[in-house]
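Welcome! Take a moment to look over the sequence and the 3D view, and then we will walk through them together.

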Protein chains: 2
Amino acid sequence: MKLLDIGVLSEQSGVSPSTLRYYEEIGLIQSVGRHGLRRQFDAQTATQLALISLGKLAGFSLDDIKGMFAKDGTPRLPRAELHLRADALDEQIRGLTRLRDAMRHVADCPAESHMDCPKFRRLMVFAARAGSRRRV
Amino acid sequence: MKLLDIGVLSEQSGVSPSTLRYYEEIGLIQSVGRHGLRRQFDAQTATQLALISLGKLAGFSLDDIKGMFAKDGTPRLPRAELHLRADALDEQIRGLTRLRDAMRHVADCPAESHMDCPKFRRLMVFAARAGSRRRV
DNA sequence: GCTTGACCTCAAGTTGGCTTGAAGTGGCAG
DNA sequence: CTGCCACTTCAAGCCAACTTGAGGTCAAGC
């Protein structure tokens with residue numbers, strides 16, 4: 001079983017050593033030994049790190065992600081949870097799309113002031129609604 | 001000119017009084033006077049708050065947003081900047097969409113383990129790339 | 001054998017966007 | 001006139017996800 005020195009893993013994964021130590025501290029990853037003082041990691045940890053960054057992209061917290069690995073570090077992704085998260089992503093994508101369209105419109109809008117533009121005003125109503133709802 | 005007590009504005013906008021005070025403290029909004037101790041705000045501030053929540057949705061920081069108002073509180077949205085931000089939103093939307101599709105696929109994927117699914121592995125490569133780039 | 005440099009530990013600091021707590025004040029209903 | 005209650009100030013706290021700093025260790029290259 002090939003072992004990776006923390007520096008190598010860091011280099012390979014783009015995750016800084018301090019972050020790796022932090023991840024280990026919170027139990028997200030495990031080192032399998034030491035070379036002198038230096039942590040050594042299983043090659044599998046690189047895969048795990050890719051999954052972690054994937055999870056972060058999808059909006060999971062590190063704590064959420066922690067629950068997605070079995071004790072041995074292999075992924076354990078509950079399908080229902082994935083669907084839920086995909087739905088949340090859908091929501092987010094819809095909101096962002098609306099926002100982007102409106103921004104484009106406003107940027108090209110000939111109205112003297114943005115406040116004179118009906119689309120902009122509609123956008124603000126949307127924003128006001130979105131703003132007064134509790135954050136996701 | 002109609003004035004709003006902080007409580008009224010808070011109620012109306014869904015922004016908590018402490019947040020309003022915080023926004024004033026950082027110079028994002030201005031109160032126009034006091035009724036006893038209580039801050040009073042211009043009715044226009046409600047509009048401004050809608051814009052602020054809009055800006056937050058779009059991924060602007062409060063500091064960015066601060067730059068989007070003239071000293072009198074009227075919006076000053078540079079069109080070039082809007083286009084840039086819309087482009088960034090596009091990027092974000094594309095990434096999220098890819099992610100969502102892949103998540104859906106994985107959730108329904110018949111492979112024994114997620115690790116056996118080619119799509120999942122491709123997704124991880126994407127994640128590894130995205131993760132090692134500097135955060136936007 | 002000595003230096004070097006990347007690692008080590010542990011505590012504390014950072015950032016953004018607020019919220020909370022303690023102690024005080026003032027307008028208004030009764 | 002009294003009590004209430006939403007406000008006030010100011011400092012401190014909170015959250016996640018790290019980073020930084022001080023002081024220490026160790027394997028490897030010269």
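## Two copies and an axis

What rotation superposes chain B on chain A? The rotation is 180°, with 0.1 Å of shift along its axis, and the RMSD is 0.2 Å. The fit is by least squares on the C-alpha atoms of residues with pLDDT of at least 70 in both copies. The two copies are thus related as by a two-fold rotation axis. If you want to find that axis on your screen, look for Ile93(B): of the residues of chain B, Ile93(B) comes closest to the axis, with its C-alpha at 2.9 Å.

The copies meet through the same surface, because 100% of the interface residues of chain B are also interface residues in chain A. Contact here means heavy atoms within 4.5 Å.

## How to read the model

This is a predicted model, in which local features need pLDDT of at least 70, side-chain atom pairs count only at pLDDT 80 or more, and totals for chains, interfaces and linings use all residues. Residues are numbered from 1 along each chain as its sequence is written, chains are lettered from A and ligands numbered from 1 in the order in which they are written, and side-chain values use heavy atoms, with hydrogens and water left out.

## Meeting the DNA

Now turn to DNA strand D. There are 18 residues around this strand, and Ser18(A), Thr19(A), Tyr23(A), Arg21(B) and Arg39(B) come nearest; a residue is near if one of its heavy atoms lies within 4 Å. Which parts of the strand face the protein? Of the atoms of DNA strand D within 4 Å of the protein, 82% belong to sugar or phosphate, and the rest belong to bases.

Some side chains make polar contacts (a pair of N or O atoms within 3.5 Å). A polar side-chain atom of Ser18(A) is 2.8 Å from a phosphate oxygen of DNA strand D. For an N or O atom in the side chain of Thr19(A), the distance to a phosphate oxygen is 2.5 Å, and for one in the side chain of Arg34(B) it is 2.9 Å. Helix H2 (17-25) of chain A, along with helix H1 (6-13) and strand E3 (38-42) of chain B, are the elements that give two or more residues to the surface near DNA strand D. H2(A) gives the most, with 4 residues.

## Domains of chain A

The domain assignment, which is automatic or from a database, gives chain A a domain 1 (3-66) and a domain 2 (79-132). Their C-alpha centres lie 36 Å apart.

Notes:
A polar contact is a pair of N or O atoms within 3.5 Å; within protein, one must be able to donate a hydrogen and the other to accept it, and residues adjacent in sequence count only if both atoms are side-chain atoms.
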